[in-house]
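Reader: I would like a close look at a single part of this model. Please start from one side chain at the surface question and follow its links outward. Short sentences suit me.

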Amino acid sequence: MANFFSKFLKSSTTTASSISDTWLAFELWLRVHWPDGLKDLCPPATDDEIRSLETMLGAKLPHDYVEFLKVHNGQQGCAGGLFDNSEFLSTTEIIEQWKVWKDLLDSGDFEGYKSEPEAGVRDDWWNPKWIPFIHNGSGDHHCLDLAPGIDGQEGQVITMWHDMGTRAVEANSFKLWFAKYVDAVIAGKYVYSEDFGGLVDADFA
């Protein structure tokens, strides 16, 4: 096991790695550097849970994200944020967060508001096809963009801030976003911080 972990430390996960291999690299790192974070991960999502999520969203989730959920279906919420101090949402929590935004949209709260997106992202303040998969507890998310703008990629990962118009593209696919983050963690760019209670940018720890 130690030799296997060393292999991942010496080489990045790369976009060629499967979702399960990237998860394994992350789990091995967590086992050494933040065991409580590893223990906080939930069991795999079931096919029924994924179908229920897609039915509620009225959308088909990207294959790479479904693979991701079939390894761990979110966090229990006891240990702190796994992704830059943001919590990894379960299928149930995705629905809860999505419904909050959908209710605001249906109530007309976003009428007249436009975001300031990067190329490839619609200028909506929020769109029902923006699926939150992590949150920081303050109304901010990373989302799967299933309704990209011109030149965007369906399934790209974008930022969604509740009080700022910035909408940035973090990666062209979920698989790439996840691999880049785990690469950065293994490289020491993110560390566990007791003060923040989760994994944070090493420059701010």
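Author: Start with D47. Its relative accessibility is 42%, which lies between 20% and 50%, so D47 counts as partly exposed. Keep in mind that this is a predicted model.

What does the side chain of D47 meet? It forms a salt bridge with the side chain of K70, at 2.8 Å from N to O. D47 belongs to helix α4, which covers residues 47-57. K70 sits in the loop between α5 (63-69) and β1 (87-88). The two residues are 23 apart in sequence, so the pair ties together separate parts of the chain. K70 has a relative accessible area of 40%, so K70 is partly exposed too.

Stay on α4 for a moment. D48 and R51 form another salt bridge, with their closest N and O atoms 2.3 Å apart. This one runs within the helix: both residues lie in α4, 3 residues apart, about one turn. R51 has 48% relative accessibility, so R51 counts as partly exposed, since the exposed class begins over 50%. In total the structure holds 5 salt bridges. Among them is K114 with D123, where the closest N and O atoms are 3.8 Å apart. K114 reaches 53% relative accessible area, so K114 is exposed. Its partner D123, at 36%, is partly exposed.

Just before α4 comes T46. T46 is in the loop between α3 (35-39) and α4. With a relative accessible area of 39%, T46 is partly exposed. From T46 to G155 the C-alpha distance is 21 Å, with their places 109 residues apart in sequence.

Now go back to the loop that holds K70. That loop, between α5 and β1, also contains D84. Phi of D84 is near 50°, a positive value in a residue that is not glycine. N85 is in the loop between α5 and β1 as well. Its phi is near 65°, again positive and again not in glycine. Why mention these two angles? Most residues other than glycine have a negative phi. D84 is partly exposed at 40% relative accessibility. N85, at 25%, is partly exposed.

S86 is another residue of the loop between α5 and β1. Is S86 buried or exposed? Its relative accessibility is 11%, below the 20% cut-off, so S86 counts as buried. Setting aside residues up to four places away in sequence, S86 touches Q75, G81, I134, H135 and N136.

D84 leads on to the largest pocket. D84 is one of the residues closest to the centre of that pocket, along with H142, E170, W177 and Y190. The pocket holds about 340 Å³ of space. It is lined by 16 residues. Which elements give two or more residues to the lining? They are β4 (141-145) and α7 (174-186). The largest share, 4 residues, comes from α7. By class, the lining has 7 nonpolar, 5 polar and 4 charged residues.

Helix α7 also takes you inside. The largest nonpolar core has 52 residues. Of these, F26, F83 and F178 have the most contacts inside the core. The elements that each supply at least two residues are α2 (19-33), α4, α5, α6 (91-106), β3 (130-135), β4, β5 (156-160) and α7. Once more α7 gives the largest share, here 8 residues. Note that α4, the helix of D47, is on the list of core suppliers.

Look at F178 more closely. Apart from neighbours within four places in sequence, F178 is in contact with I19, T22, W23, F26, F68 and F83. So the list of contacts of F178 includes F26 and F83, which are named with F178 for the most contacts in the core.

To retrace the path: D47 pairs with K70, and K70 lies in the loop between α5 and β1. D84 is in that loop and is among the residues closest to the centre of the largest pocket. Helix α7 supplies the largest share of the pocket lining and the largest share of the core.

Note on methods. Residues are numbered from 1 along each chain as its sequence is written. This is a predicted model: local features need pLDDT of at least 70, side-chain atom pairs count only at pLDDT 80 or more; totals for chains, interfaces and linings use all residues. Side-chain values use heavy atoms; hydrogens and water are left out. On a 1 Å grid over the protein atoms alone, a cavity is a set of points where a 1.4 Å probe fits but cannot get out, and a pocket is an open set with protein on both sides within 12 Å along at least five of seven lines; lining residues have an atom within 4 Å of a point. Grid points are joined across faces, edges and corners, and a volume is the space filled by probe spheres set on the points. Ala, Val, Leu, Ile, Met, Phe, Trp, Tyr, Cys and Pro count as nonpolar, Asp, Glu, Lys and Arg as charged, and the others, Gly among them, as polar. A salt bridge is a side-chain nitrogen of Lys or Arg within 4 Å of a carboxyl oxygen of Asp or Glu. Buried means under 20% relative accessible area, exposed over 50%, partly exposed in between (1.4 Å probe, protein chains only). A nonpolar core is a set of buried Ala, Val, Leu, Ile, Met, Phe, Trp, Tyr and Cys residues joined through side-chain atoms within 4.5 Å. Contact means heavy atoms within 4.5 Å.
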